[in-house]
There are 4 protein chains.
Amino acid sequence: MEYNEKHIKIIEAAEKLFSDNGFNGTSVRDIAEAADVNLAMISYYFGSKDNLLVAIFKYRGENTRQLVSEMIENKELSPLEKFYTLIDFYIDKFQNQQCFHRVMAREQIIHTHGPVATAILSVKKTNMELIKQLVQEGQRKKQFKKEIDISLMMNTLFGTVNHLYTTKHYYKELNNLQSLSDEQFEKQLRKKLSVYLKTLFKAILTYED
Amino acid sequence: MEYNEKHIKIIEAAEKLFSDNGFNGTSVRDIAEAADVNLAMISYYFGSKDNLLVAIFKYRGENTRQLVSEMIENKELSPLEKFYTLIDFYIDKFQNQQCFHRVMAREQIIHTHGPVATAILSVKKTNMELIKQLVQEGQRKKQFKKEIDISLMMNTLFGTVNHLYTTKHYYKELNNLQSLSDEQFEKQLRKKLSVYLKTLFKAILTYED
Amino acid sequence: MEYNEKHIKIIEAAEKLFSDNGFNGTSVRDIAEAADVNLAMISYYFGSKDNLLVAIFKYRGENTRQLVSEMIENKELSPLEKFYTLIDFYIDKFQNQQCFHRVMAREQIIHTHGPVATAILSVKKTNMELIKQLVQEGQRKKQFKKEIDISLMMNTLFGTVNHLYTTKHYYKELNNLQSLSDEQFEKQLRKKLSVYLKTLFKAILTYED
Amino acid sequence: MEYNEKHIKIIEAAEKLFSDNGFNGTSVRDIAEAADVNLAMISYYFGSKDNLLVAIFKYRGENTRQLVSEMIENKELSPLEKFYTLIDFYIDKFQNQQCFHRVMAREQIIHTHGPVATAILSVKKTNMELIKQLVQEGQRKKQFKKEIDISLMMNTLFGTVNHLYTTKHYYKELNNLQSLSDEQFEKQLRKKLSVYLKTLFKAILTYED
DNA sequence: AATGAATGAGTCTTCATTCAT
DNA sequence: GATGAATGAAGACTCATTCAT
């Protein structure tokens, strides 16, 4: 599917609004205003509001595979180094596409079937596949433990990052960081999280010493 | 606040519907029908649909503290044993109150301020406080590491459990477990998750050998 | 009809609220709260909200007749002096019972039939009768003109006072009297209106010189 | 603001219904039915029921100024003749737009602030200004008294006409004119009122002989 | 290809009143 | 006599979508 400029304008406006007010809390009218396009154009371009949601997942799902794929095939890095790179990649992704991940975090809960679920599953399958590949490489090279539940491990990776970024307002409050500017806070969070996850996954994946 | 039988009937009906269709995807009419009460009674009892959501959080938040508190004060368990008990407690909680946690998982994302956020924050504060207490006990007894980021660690605990239970339909699909009955699946998941998290948190908290 | 203390409390609370927000803009619940009585008591005492409105007119209509009647029968005053007294009496009445007159001014417009109209008509008949008597006395004594349209003249009397008091907020604005305190304004208005109406009705009623 | 055919259809239907049943006594559904338009169209066109009320005042307020203005600038009439014309103009206006004036009579009482009050005040200001101009012309030409309280005088003019037309059902009753057809009654009323007011205002404005 | 106008269905909430106690 | 709890009906408004142009 090719998205032209206006498609993208609508998608990004919708993403922001869905992120702030939820899918059902956002009206097509709101989106049209935010994207500065005619109201009827949204139905015209996407068919329906539901379809627009699916389009968001497709739009955001497209890029990931290639980026991660290239990184994994890099021959100069050890599996653990690759995993560290992967962690930073996902942290960056969540940080830079917070709106999208907020939308996804919410919608994946209620969509168990149907086109939205299919689009989400496709994103998840890609991630699963790439990470599996990486873990297996580490295992082949005897640098990663043999017994690793990849699915649960991924749950920890995405669960932690996702939970942290989608509820960062509570994190801020609980840790009395209200005085920090958003920028400072995000920078600090990024750093701490990166170190934390690397330590954590080193423990999960490798034979510690 | 005291909730009578009808309050609870409404709360539980709402919880289920919010869980399945989202807050905005559920009409007060739907709730009234599911709870088998008069439509006007919901406004009469709770004032508004928003208030009903807050009531759900208050209702579910009330019990936790005492249960966890008692467990933590138990003198016969070591800190690590207590943490293991805590893990199982939360796994059970998520498993038994999946509807509630689905609602909470969704609502905590968009409510950054206001009464809903306040109710959620209160639940989170309680959890934070209790776990902090427990970790500090372990540290005092030199059984837990000195440098533990409690907040991030909790993110891993709740993030993992939360993500797994709220998106278990994807987990099932990604691991090709569609053939399992829901009961079998849940039982197996519970078991695997428990072992996984205990191993994980042992690594996070203690000086491994 | 005898009104007890609670009846009167309700009537006066209703009168104030109807005056501020209109009959349909006031809920029985509002009245119950303002009167500090149980909600059901209003139906219990008055039967219905409509009946309460009728009760207001009956309650306020009762006193007028006797007061005016006595004044008119006073043998020491000339007809014109009596009319002057009457003018001040009505000005005082409108000033002291502004809420009631606001309600009446509004309700008399839409109630052309039915119990409310009947109650209002009864008040009007009383006034008409008394004033007619007074004018005829003046005519008998050759102090008032023979050709006086009493009905239109009363329209001028009540129309002027009524219009002025029910829309005094516009009068204030139009005459740039916003700086005056309510008290100062009312005092000044009362005075000016009294002089104005006496001059006016002297011209209408008597043979000027 | 430009009103198209449908706007006007809605405005006029609303005006009639507000006149008969009051603003709060009329539902948007009633208006939609009377105007034979879709229910949602009223919100679509006017935004809200309150806005529709404001639109009524704006719609009816637009024409007056020009008509009166032209008449006042007419060089062939004496000030008193102009005033007589003005009286007939307002009588006609009240007679022909009884619904509107009923609505205005009711709403000006409770709206002391806000957009409705602003729209009403604007109508009143226009009238005030035009009449002031006319009276001052009469004073300059030494045909009107020097000491005239224009504001109170206008209260008498509008108060009388307004009171008479908005409560004409009581006038009919009090004067035992129930046997007259509406047409006959209105014709007769118009005539009597015109004569009455001209006599009255001649007395108020000019040096009588 | 793009859109202004329009709409049927549905939203949450409030209402005056009732009735068992 | 007095009332807390309850409700059927109705309220104003918003929604996603359509369709003639």
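Me: How many salt bridges count between chain C and chain D?
Reply: Happy to start there, keeping in mind that this is a predicted model. One such pair joins the side chains of D:Asp149 and C:Lys192, at 3.2 Å from N to O. That distance falls within the 4 Å limit for a salt bridge. The count between chain C and chain D is two salt bridges.

Me: And how many residue pairs between chain C and chain D are in polar contact?
Reply: Here both residues of a pair need pLDDT 80 or more. With that condition, the count between chain C and chain D is 19 residue pairs.

Me: Which helix of chain C gives the most to the side that touches chain D?
Reply: Good one to look for in the structure. Helices of chain C that each supply at least two residues to this side include helix 1 (5-21), helix 7 (114-140) and helix 10 (182-205). Helix 8 (150-166) is also among them. With 12 residues, the one that gives the most is helix 8.

Me: How much area do chain C and chain D bury between them?
Reply: The two sides in contact consist of 47 residues of chain C and 47 residues of chain D. On chain C, the residues C:Arg106, C:Ile109 and C:Tyr170 supply 18% of the area that this chain buries against chain D, more than any other three residues. Carbon and sulfur atoms hold 64% of the area buried between the two chains, and the total is about 4,100 Å².

Me: By class, how many charged residues does the side of chain C that touches chain D have?
Reply: Let's go class by class. This side of chain C has 19 nonpolar and 19 polar residues. The charged residues there number nine.

Me: Turning to the DNA, what share of the atoms of strand F that come within 4 Å of the protein is sugar and phosphate?
Reply: 27 residues surround DNA strand F, and the closest are B:Asn38, B:Tyr45, C:Asn38, C:Met41 and C:Tyr44. Of the strand F atoms within 4 Å of the protein, sugar and phosphate account for 71%.

Me: Which residue has a polar side-chain atom 2.8 Å from a phosphate oxygen of DNA strand F?
Reply: A:Thr26 places a polar backbone atom 3.2 Å from a phosphate oxygen of the strand. D:Val28 also uses a polar backbone atom, at 3.0 Å from a phosphate oxygen. The side-chain atom at 2.8 Å belongs to A:Lys49.

Me: How many charged residues does the surface near DNA strand F have?
Reply: Nicely, the classes answer this directly. The surface has 14 nonpolar and 10 polar residues, and its charged residues number three.

Definitions and conventions. Residues numbered from 1 in each chain as written. Chains lettered and ligands numbered in written order. Predicted model: local features only at pLDDT ≥ 70, side-chain atom pairs only at ≥ 80, totals over all residues. Heavy atoms only, no water. Contact = heavy atoms within 4.5 Å. Buried area = accessible area lost by both parts, 1.4 Å probe. Polar contact = N/O pair within 3.5 Å; in protein donor to acceptor, adjacent residues only side chain to side chain. Helix = DSSP H or I, 4+ residues; strand = E, 2+ residues; numbered from the N terminus. Nonpolar A, V, L, I, M, F, W, Y, C, P; charged D, E, K, R; others polar. Near = heavy atom within 4 Å.
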